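I opened my notebook for another look at a pair of chains. Here is what I looked up, in the order I went.

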Amino acid sequence: MLGRELVETRKWLTSDKFDLAFALSRVTPGTNLLAFCAAVGAQLMGFMGAIVAVMAVTVPSAIVALIFIYGFELGQGNPTAMAVIGSTVAAVAGMMWSTIWTILRPHVGGNVRNLQVVLIAGGAFLASWKFNVTPVPIIGVGMLLGIFWKDPGKR
Amino acid sequence: MSVFTVYFLLLKASLTSFSGLGSLPMVREDFVVTAHALTDHQLTTAVAAGRTGPGPYGLYLVCVGFLAAGIPGAIAGFLALITPAFLVIPLMWWLGKRADNPRVRGAIRGILLAAAGLLLSAAMPLTQDALTGPFALAVIVVSFYLLTFTKIDSAWLMAGAAAAGLLTLLF
């Protein structure tokens, strides 16, 4: 939607600049969507543009999220609220499994790639679940394995 | 828990993740396991509140901040959410021509795979907490299917789950 609006309709950005913002937002830590908005805002109006773009995306939805969490907290003990909270919490559990699936799916295919997925993702799971290793060293080892164990690409 | 601690813990989680809920394992480790500032149920509720409205996945950090330290905590969570986004500006300057470098791509792939394993580890206790009976199991399975194999917006899914929860009171 943003691409159509910024590149085709308003012509504020060239498709090359849009693609650069998109690619770099994928390698920026944190929420990719926010990095993308910051990159687009910075290309349009510099640092102030980045701030305005990120605020425009986050402030209204953060207020809505706060209202929901406040309502959820107030509703503890109320049967109607507990029914709503219980089912949305279950939906979140489904969402987490879907996220795991979505992260892993592009990285499978081919013996070496499958082995990388099993060893890196499975190793991270075991290290955390079984041996209580904290996330930072696990992420660090994953990064090093990613750098030195070449991805052969999909066959 | 002090507001500064909330900010730095959430910033650490945000800085070491590259996908929507990728920060969740570290948030759980710091807030639930180590500091006991939240329970698993509160953490899952925070994620639910963050996804019930529109906006990016990371919004749950605002809710975690709120549960840990009230409104100042929510502001700290909000700042921790948006701070990493601005890293893209020096990245545009420095990494603009290196985004396709195989080693950079390999590093990101390794981080993503490790993050998936960590998320699996975090998902287990949170799923156990959510799994209160056959109805909850059905909601988990249906939401997994809809989010994975259709293009449904997660806000609609949350609304549907809430409505289904209300319906259970009638039967």
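Before starting on helix lengths, I noted that the expected span of a helix is 1.5 Å times one less than its number of residues. Helices here are DSSP runs (H or I, at least four residues), numbered from the N terminus.

The model is predicted, so I kept in mind that local features need pLDDT of at least 70, side-chain atom pairs count only at pLDDT 80 or more, and totals for chains, interfaces and linings use all residues. Residues are numbered from 1 along each chain as its sequence is written, while chains are lettered from A and ligands numbered from 1 in the order in which they are written.

Entry one: α4(B). I found a span of only 12 Å between its end C-alpha atoms, where a straight helix of 23 residues would span 33 Å. I then found a bend of about 150 degrees at Ala69(B), with Pro72(B) following within four residues; the bend is the angle between axes fitted to the seven residues ending there and the seven starting there. Burial came next: 18 of the 23 residues of α4(B) are buried, so this helix is largely enclosed by the rest of the structure. Buried stands for 20 or more other C-beta atoms within 10 Å of a residue's own, placed from the backbone.

Entry two: Val89(A). I located Val89(A) in helix α4 (residues 79–104) of chain A. Is Val89(A) buried or exposed? Val89(A) is buried, because 28 other C-beta atoms lie within 10 Å. Beyond neighbours within four places in sequence, Val89(A) touches Thr44(B), Thr45(B), Ala48(B) and Ala130(B) (contact: C-beta atoms, placed from the backbone, within 7 Å).

Key
Helix = DSSP H or I, 4+ residues; strand = E, 2+ residues; numbered from the N terminus. Buried ≥ 20, exposed ≤ 12 C-beta atoms within 10 Å, placed from the backbone. Contact = placed C-beta atoms within 7 Å.
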